[in-house]
Structures are given as structure tokens and as C-alpha cells.
Amino acid sequence: MHDPSRDEVIDSIQQGIMQSQTDYRKAAWLPICQGPEYLMTVYIFKSLLKLTRGDSLTLEVKPEVLLDYLKAKKPPGRKPKSARLDGRGDICLWLVGTDKPRAIIEVKKYASQCHKDLDRVTHLLNRGLEFGILASCIQKRVKNSTNANMKKRIRDSRQSIYEAIREQLNSKSSLDVELVRYKIEPLTFGGDTPDVNEDWLWCPVIFTIYRKKNRQ
């Protein structure tokens, strides 16, 4: 089994997010962004498992464990202020047939919270990981507005989060971010009659963090 390309990994993550929405809608009749965060994580994991067809995935890995496998020395000086480094990465993708971690995937139920895991991702990329993924989704209820207006709000929100992440990385960093753009899809929730239905729009949101010299 060869290592999947970064694009294949991203597509697989998108499929996991979309399948989590499809199944959660059947069970709870709610947007996945209002469901438990771990459910989206599990669906992404299952989608990646189909892609890798091997034992190259782990869940809930501590950063220091990945640093040990990367043979990375901790930088001198005080520990970074962010407490997120003390947490666990949601999903780790390993190079096939090796004990070397390749990428980290962090999942958030709200796209506006993606930046909370950015310190952990950048810390690990600066120590040798190939790339990092921040995965989430955005949803907006269509109420007293048009689909066109709500689509614009979603696009604006997505772009605003992207710009905030890029600013946090700053121009002097060796890292950059790419926003993967996906089609905004309709969702309808409610009862048996149109007057009690709720119309929503939503889309997966995926940011790729990578070293500038290693974009491809």
C-alpha cells in the first residue's frame, strides 16, 4: 500500500464530514455542527481507514508521543503558552509501513473554533510533520433571507476564518494555509408539512497547513 497523496487525504476527510451529516440527519434531524464533535471525528477516521487500508491511523495522540517518533528535540527556552499543546491530536496519519507520523488532523464542530488547535498543528509541523488539517463545517439557517444571501454569508465566514489563520501564522513563518473550497449544499429539517420545515445551507470546511517549500 502506497501513501495516499495529500489531495486524496483531503478528499477522504470531506467524504467523512459529508457522510456524518447524512447519517446524523437520519437519526437526529439536525445539522452535524449541532451534534457531538467526536461523531464527525469518527466518520473522518472511518473514511481515512478505507483510503489507507492499513494500520497507518491512530486517534487521540499526545504531541510529545509524535515528537518522540519524529526524533525531534524540544526547542530551548520556556514552554509555549498555549495549553492546546498539552491536549491530544484528534487523528494522526502515519507513513505506511513505518513508525513515522506524517500528518495530524484536528476536528472542530464549529469552523470558527479551528484556530484553537493551530498552535498544536504548527508546533508539530515545525518539528517534522508533512502537513496538518483543520476540519469542520459551516451551517446557516435560511430564515427571512434568500439562499443567495446565506451562501454569501457562508463564503464570507469561511474566508474570514482563513484570513485569521493566515494572520496567526504571519508572513515570517515557514508555514502557510490553504482553504479547500467546497460546494454549499441545502439541508431541510422539520416535520411532515412545509410550514414547520427549517431550511439550512452548509458545507465542509477544510484548511491545510503546510511548509511553504513543500506545498505539493
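A disulfide is taken here as a pair of cysteine sulfur atoms within 2.5 Å, and by this rule the predicted model contains 1 disulfide. The bond is formed by C33 and C137, whose sulfur atoms lie 2.1 Å apart. It joins distant parts of the chain, since C33 sits in the loop between α1 (6-28) and α2 (37-52) whereas C137 belongs to strand β4, and the two cysteines are 104 residues apart. C33 counts as buried, with a relative accessibility of 1%, and C137 likewise counts as buried at 1%.

Two further cysteines can be set against this pair. C114 takes part in no disulfide, the nearest cysteine sulfur being that of C137 at 9.4 Å, although C114 is itself buried, with a relative accessible area of 1%. For C203 the closest cysteine sulfur is again found in C137, and because the distance of 8.1 Å is too far for a bond, C203 remains without a disulfide partner under the cut-off of 2.5 Å; the residue is buried, with a relative accessible area of 0%.

The nonpolar interior was examined next. The largest nonpolar core comprises 32 residues, and those with the most contacts inside it are L66, L134, I165, V177, V205, F207 and I209. At least two residues of this core are supplied by each of α3, β2, α4, β4 (131-141), α5 (147-169), β5 (175-180) and β7 (198-211), with α5 giving the most, namely 6 residues. The surroundings of I209 illustrate the packing: when neighbours within four places in sequence are left aside, I209 is in contact with L118, V121, L125, F131, G132, L134, I165, L175, D176 and V177. A second core, separate from the one above, has 30 residues, among them M40, I91, A103 and W200.

Helix α3, which spans residues 63-70, has P63, L66, L67 and L70 as its buried residues. Viewed down the axis of α3, these buried residues fall within an arc of 105°, so that they line one face of the helix. In general, an α-helix has 3.6 residues a turn, so residues three or four places apart point the same way. The buried residues of α3 pack against the strands β1 (57-61), β2 (89-94) and β3 (101-107) and against helix α4 (118-125); one of these buried residues, L66, is also listed among the residues with the most contacts inside the largest nonpolar core. Just after α3, K71 adopts a positive phi of about 55°.

Note on methods: Residues are numbered from 1 along each chain as its sequence is written. This is a predicted model: local features need pLDDT of at least 70, side-chain atom pairs count only at pLDDT 80 or more; totals for chains, interfaces and linings use all residues. Side-chain values use heavy atoms; hydrogens and water are left out. Buried means under 20% relative accessible area, exposed over 50%, partly exposed in between (1.4 Å probe, protein chains only). Helices (H or I, at least four residues) and strands (E, at least two) are DSSP runs, numbered from the N terminus. The arc is that of the directions from the helix axis to the C-beta atoms. Contact means heavy atoms within 4.5 Å. A nonpolar core is a set of buried Ala, Val, Leu, Ile, Met, Phe, Trp, Tyr and Cys residues joined through side-chain atoms within 4.5 Å.
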